[in-house]
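These are my notebook entries on one protein chain, written down in the order in which I looked things up. I begin with empty space inside the chain and then turn to single residues.

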Amino acid sequence: MSGSAAALLSVQDLSVQFASGDGVVKAVSEVSLDVGACETIGIVGESGCGKSTLAKAIMRLHPASSGRIAVQGQDITDLSLDALRPVRPLVQMIFQDPYHSLNPRHTVGKIIGRPLEVARWRRADIAERVHVLMNQVGLPADAYHRYPHEFSGGQRQRIGIARALALQPRLLICDEPVSALDVSIRAQVMNLLQDLKEQLGISFLFISHDLSMIRHFSDRLLVMYLGRVVETGSAEALWRNPAHPYTKALMATAPIANPKAARARQRVTLEGDLPSPLNLPPGCSFAGRCAFAAPLCHAQRPDLRAGPDGRRFACHFDLWDVPFGAMPAPVSPMPASKEITHAVE
C-alpha cells in the first residue's frame with residue numbers, strides 16, 4: 001500500500017485525532033491505501049472503527065493530524081481552500097443519508113447543478129448538464145422543478161449520485177450509500193453504481209457494513225478495527241480465507257445464500273467490548289476479544305506484514321486455515337515473561 005505516482009488516490013500513514021475533555025480520540029491511525037484507475041476499494045469494519053472519518057479526511061472535511069493525501073500525484077494534505085479548488089472535481093462524495101444530505105429548500109435541478117454553479121458554468125449549460133445527469137441516474141424529467149421531500153429514499157439517493165457526478169469526477173467516495181434504503185432498493189442503487197463504473201470508468205472508495213454486497217462490488221478490501229487497517233487484499237482472497245482473527249469474525253457474520261454452506265460455516269462469537277479510542281492498549285487493540293490472543297499480543301502491537309497471496313495483515317500469528325480458537329505458533333519470538341508482565345501492568 002505504498003504511495004504510487006500512478007495511483008489516482010494515494011494515502012500514506014494518515015492519522016486523524018480529535019481533542020476531548022478526557023484526552024485525545026485516535027479516530028484513524030497510520031492508514032495507507034492506493035486507489036487505481038477504474039478500481040473499487042471496499043472499507044469494512046464495525047461502527048466506530050474510523051471508516052467515515054477516514055473518508056471525510058480524504059475529502060478534507062476533517063483535518064489530518066499527520067500523514068499524506070495525494071490525488072493524481074498532487075499532495076493535497078495542507079492545501080489552502082483556494083489551491084484545493086481545481087482538485088475538488090476529481091474526487092466527490094456520496095453520503096449515507098439521502099435526505100439530510102440534500103437541501104430541502106432547493107429544487108432537484110438546483111441541487112444537482114450547484115457544483116456547476118460553483119465552477120462558474122453558464123446557466124444554459126448547467127440546465128443541459130443537469131438533464132443529462134438526471135437521465136443517467138434514472139430520474140424522471142419532471143424531477144427538475146420538484147423538491148427532495150417529494151421523492152422516495154432510493155430516488156433521493158439518485159439525486160445525490162447525480163450531484164456527485166456533475167463535475168465528472170475520477171473517484172467517488174461512497175459512505176454507506178445504501179444502508180438507509182430498503183433491501184429491494186439497495187440492489188437497484190448498487191446496480192446503478194456498477195453501471196456508472198463501467199460506463200464512465202470511474203473509481204470508488206466504498207464504505208459498507210454489508211460484507212456480501214461489498215465483496216461483489218469491490219476489487220480489494222480494507223478491514224479496519226479501532227482506526228487501524230488490520231487486513232487488506234483482494235476481495236475474493238479475504239472472503240475465501242481471511243487471515244486476521246477480526247476478519248474471520250466479520251466474514252462469519254455475512255449471510256450466505258447456500259443453506260448447506262451456511263450450516264457448514266463455523267460460527268464465531270466475539271467476546272468483550274471495544275476498547276476506548278481514548279485509552280488504547282499498548283499491544284494489539286483486538287487482543288481483548290481475540291480467541292488466539294497470547295501475552296505477546298497484549299504487549300506488542302503487530303505491524304502490517306505481507307501474506308503469501310499478496311495481502312497484508314497485522315497479526316503476530318500465521319492463521320492460514322487455522323480453526324478459530326486453535327492456538328498457532330507466533331511468527332515473532334515471544335518476549336521474556338518479565339517484559340510481558342511489565343507491559344501488561
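Which residues lie nearest the centre of the largest cavity, and how many residues line it? I keep in mind that this is a predicted model, and I looked up the lining: the largest cavity is lined by 14 residues, and Pro 245, Cys 284, Cys 290, Cys 297 and Cys 315 are those that lie nearest its centre.

**Entry 1: the cavities**

I noted that about 80 Å³ of space lies in the largest cavity, and that its lining divides into 12 nonpolar residues, two polar ones and no charged ones. The count comes to three cavities of 30 Å³ or more, so I went on to the next one in size. The second largest cavity has a volume of about 70 Å³, and I found Ile 58, Met 59, Arg 60, Val 71, Ile 76, Leu 84, Val 87, Arg 88 and Val 91 in its lining. By class, this lining of the second largest cavity holds seven nonpolar residues, no polar ones and two charged ones.

**Entry 2: His 316**

Next I looked up His 316, which has its place in the loop between strand E12 (312-313) and helix H12 (337-344). Is His 316 buried or exposed? I count His 316 as buried because its relative accessible area is 4%, and the cut-off for buried is under 20%. A polar atom of the His 316 side chain lies 2.6 Å from the backbone oxygen of Gln 300. I also checked the distance from His 316 to Cys 297, and the two are 19 residues apart in sequence while their C-alpha atoms are 7.1 Å apart in space. Cys 297 was already in my notes as one of the residues that lie nearest the centre of the largest cavity.

**Entry 3: the largest pocket**

I then turned to the pockets, and I wrote down a volume of about 600 Å³ for the largest pocket. Of the 20 residues that line the largest pocket, Arg 88, Gln 92, Pro 115, Val 118 and Leu 167 are the closest to its centre. Arg 88 is a residue I had met before, in the lining of the second largest cavity.

Which element gives the most to the lining of the largest pocket? I found that helix H3 does, with five residues, and that strand E6 (91-94), H3 and H5 each supply at least two residues. The lining of the largest pocket divides into 12 nonpolar, three polar and five charged residues.

**Entry 4: helix H3**

Since H3 had come up in the pocket lining, I looked at this helix by itself. Helix H3 covers residues 108-118, and its buried residues are Val 108, Gly 109, Ile 111, Ile 112, Gly 113, Pro 115 and Leu 116. I noticed that Pro 115 is both on this list of buried residues and among the residues closest to the centre of the largest pocket. What covers the buried residues of H3 includes helix H4 (123-136) and helix H5 (153-165). Just after H3, I found Arg 120 with a positive phi of about 65°.

**Entry 5: Gln 157 in helix H5**

Helix H5 led me to Gln 157, which is found in that helix. Gln 157 counts as buried because its relative accessibility is 1%. I found a polar atom of the Gln 157 side chain 3.2 Å from the backbone oxygen of Phe 95. Leaving out residues up to four places away in sequence, Gln 157 touches Ile 94, Phe 95, Gln 96, Pro 98, Pro 177 and Leu 181.

**Entry 6: the second largest pocket**

The second largest pocket has a volume of about 390 Å³. I counted on the list of 23 lining residues, of which Glu 30, Arg 228, Val 229, Arg 301 and Leu 304 lie nearest its centre. Strand E1 (9-20), strand E2 (23-35) and strand E10 (228-234) are the elements that give two or more residues to the lining of the second largest pocket, and E2 gives the most, with four. By class, I noted 11 nonpolar, six polar and six charged residues in the lining of the second largest pocket.

**Entry 7: the whole chain**

Last, I looked up values for the chain as a whole, which has 12 helices and 12 strands. Buried residues make up 48% of its 345 residues. Among the contacts in the chain with a separation of 6 or more, 62% are between residues 24 or more positions apart. The accessible surface of the chain comes to about 16,500 Å², and 50% of it belongs to carbon and sulfur atoms.

Definitions and conventions:
Residues numbered from 1 in each chain as written. Heavy atoms only, no water. Buried < 20%, exposed > 50% of the residue type's maximum accessible area, 1.4 Å probe, protein only. Contact = heavy atoms within 4.5 Å. Polar contact = N/O pair within 3.5 Å; in protein donor to acceptor, adjacent residues only side chain to side chain. 1 Å grid on protein atoms, 1.4 Å probe; cavity = no way out; pocket = protein on both sides within 12 Å on 5 of 7 lines; lining within 4 Å. Points joined across faces, edges and corners; volume = space filled by probe spheres on them. Nonpolar A, V, L, I, M, F, W, Y, C, P; charged D, E, K, R; others polar. Areas by Shrake-Rupley, 256 points an atom, 1.4 Å probe, with all protein chains shown as cover.
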